[in-house]
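Subject: Structure for your files, with notes

Hello,

Here is the structure I said I would pass on. Please look it over before reading the notes underneath.

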Amino acid sequence: SSRQGSCREGGDAVLCLPAGLGGTSVTATPPISFNEALQYFQTADLSECRKKVRATVRRQGLAALVRFLFGPPRLQPQLQGERELALAMAQCGLDDNERVHMRILQTIYKKLTRSRLGCPRYGAHWEELGFQGADPGTDLRGTGMLALMQMLFFVMDAQTLPLAQEIFTLSQHETQARPSAAFPAANFPFCIMSVNITRIVLQALREERLSRECNRRQQVIAVLNDLYVAAFLQLYRIWKRQHKTITDSGFLLKELELSAKKKPKQLLKSLEAYVNRSPVADGFQPPSPPSADSSWAGEEINFMGICELQVELEGESRLI
């Protein structure tokens with residue numbers, strides 16, 4: 001049969017995993033590197049995704065003159081193709097029939113949970129990872145596969161993986177024994193937070209707030225990824241130092257949005273400094289492990305509504 005299961009050693013036993021990309025079966029798939037996944041998107045037919053990308057709204061008249069004189073520089077022509085690829089990936093939905101899509105999803109799960117084994121395509125385990133429901137694909141509206149690609153970058157880069165795992169641990173941490181309206185939980189949905197940060201950096205790209213840095217480095221997607229990690233680092237620091245809770249998330253995301261648009265270079269320098277020194281020297285100890293019974297899955301949090309960024313149009317985005 002072409003649909004043979006595969007076996008892996010798990011402790012002293014050998015665990016046989018059924019084949020199949022979707023459904024409820026556990027799929028044994030090899031991890032995928034960010035570069036391999038990016039190469040797939042560079043060569044895949046994204047014509048349908050590209051059709052959904054709206055051209056950046058151009059200012060006219062006095063507004064155009066003001067932008068020309070005082071606004072950020074234009075992205076250099078040789079980088080436009082890479083920008084268009086990023087925007088196209090943001091319009092590509094998660095496809096059960098695309099093996100690379102499934103490998104990206106499984107790799108993120110394994111790296112965050114430190115598990116050697118994969119997990120079913122649908123199920124409550126995705127809520128534990130920080131999605132809103134049993135299907136991660138439903139949370140990617142407006143960010144598409146770019147959101148998963150940025151998570152993949154976060155967990156597959158050796159320099160940022162420890163930070164990703166620390167933030168994931170913090171996201172599951174409860175400071176209150178019984179969260180309530182008066183004493184909300186300190187934990188937050190990691191993957192939904194990640195999607196919102198992708199929305200922020202995507203909006204900054206669309207508004208050409210990152211053109212100067214992209215032109216300097218002659219890269220677009222690498223700048224997007226670094227800014228994504230830098231924004232997540234900033235959120236982690238504030239959340240941990242100031243003991244933030246889920247009720248603070250909307251305000252913090254708005255502040256991140258402003259920083260990403262107005263001070264992207266400062267955020268990137270902060271990330272560079274963090275990567276070049278140890279977490280202990282930087283004053284950040286890994287968060288203590290969450291209690292055994294802590295879980296945000298029982299909370300009804302419509303997190304996407306907190307930061308519904310308008311990624312289709314250029315201009316000031318807003319939080320709802």
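The notes below go from the whole chain to helix packing and then to single residues.

This is a predicted model, in which local features need pLDDT of at least 70 and side-chain atom pairs count only at pLDDT 80 or more, while totals for chains, interfaces and linings use all residues. Residues are numbered from 1 along each chain as its sequence is written, and side-chain values use heavy atoms, with hydrogens and water left out.

Overall

The protein has 13 helices and two strands. Both kinds of element are DSSP runs numbered from the N terminus, with helices being H or I of at least four residues and strands E of at least two. Of the 320 residues, 49% are buried (under 20% relative accessible area; exposed is over 50% and partly exposed is in between, with a 1.4 Å probe and protein chains only). Among contacts in the protein with a separation of 6 or more, 73% are between residues 24 or more positions apart; contact means heavy atoms within 4.5 Å.

Packing against α11

Two packed helices are described by the angle between their axes and the distance between the axes. Axes here are lines fitted to C-alpha atoms, for helices over the stretch in contact, and angles run from 0 to 180 degrees between N-to-C directions.

Helix α11 covers residues 221–241, and α9 packs on it at about 130° with the axes 9 Å apart. The two are therefore oblique to each other (angles under 35 degrees count as roughly parallel, over 145 as roughly antiparallel, 65 to 115 as roughly perpendicular, and the rest as oblique). The α9/α11 crossing is right-handed; the near helix is turned clockwise from the far one by less than a right angle, whereas anticlockwise would make a crossing left-handed. From α9 the contact uses F190, M193, S194, I197, T198, V201 and L205, and from α11 it uses L224, L227, Y228, A231, F232, L235 and W239. By class, that contact of α9 with α11 has twelve nonpolar, two polar and no charged residues. For these classes, Ala, Val, Leu, Ile, Met, Phe, Trp, Tyr, Cys and Pro are nonpolar, Asp, Glu, Lys and Arg are charged, and the others, Gly among them, are polar.

Helix α8 also meets α11, through L163, E166, I167 and L170 on the α8 side and V229, F232, L233, Y236, W239 and K240 on the α11 side. This contact of α8 with α11 has eight nonpolar, no polar and two charged residues. The axes of α8 and α11 come within 11 Å and cross at roughly 40°, so this pair is oblique as well, and the crossing of α8 and α11 is left-handed.

Buried residues

S171 is in helix α8, residues 161–171, and is buried at 2% relative accessible area. Its side chain reaches the backbone oxygen of F168 at 2.6 Å. Leaving aside residues up to four places away in sequence, S171 touches N187, F188 and F190.

E207 sits in the loop between α9 (190–206) and α10 (211–217). What joins its side chain to that of K261? A polar contact of 3.0 Å does (a pair of N or O atoms within 3.5 Å; within protein, one must be able to donate a hydrogen and the other to accept it, and residues adjacent in sequence count only if both atoms are side-chain atoms). The two residues are 54 apart in sequence and 8.3 Å apart in space, C-alpha to C-alpha. E207 is buried, with a relative accessible area of 4%.

M149 lies in helix α7, residues 144–156, and is buried at 1% relative accessible area. Apart from residues up to four places away in sequence, M149 touches F34, A37, L38, F41, M89 and I104.

K110, in helix α5, counts as buried at 9% relative accessibility. The C-alpha atoms of K110 and P31 are 8.4 Å apart, with their positions 79 residues apart along the chain.

Positive phi

Most residues other than glycine have a negative phi. R114 is not a glycine, yet has a positive phi of about 60°. R114 is in the loop between α5 (99–113) and α6 (125–129) and is exposed, at 56% relative accessible area. H243, likewise a residue other than glycine, has a positive phi near 55°. H243 lies in the loop between α11 and α12 (249–262) and counts as exposed at 64% relative accessibility.

Regards
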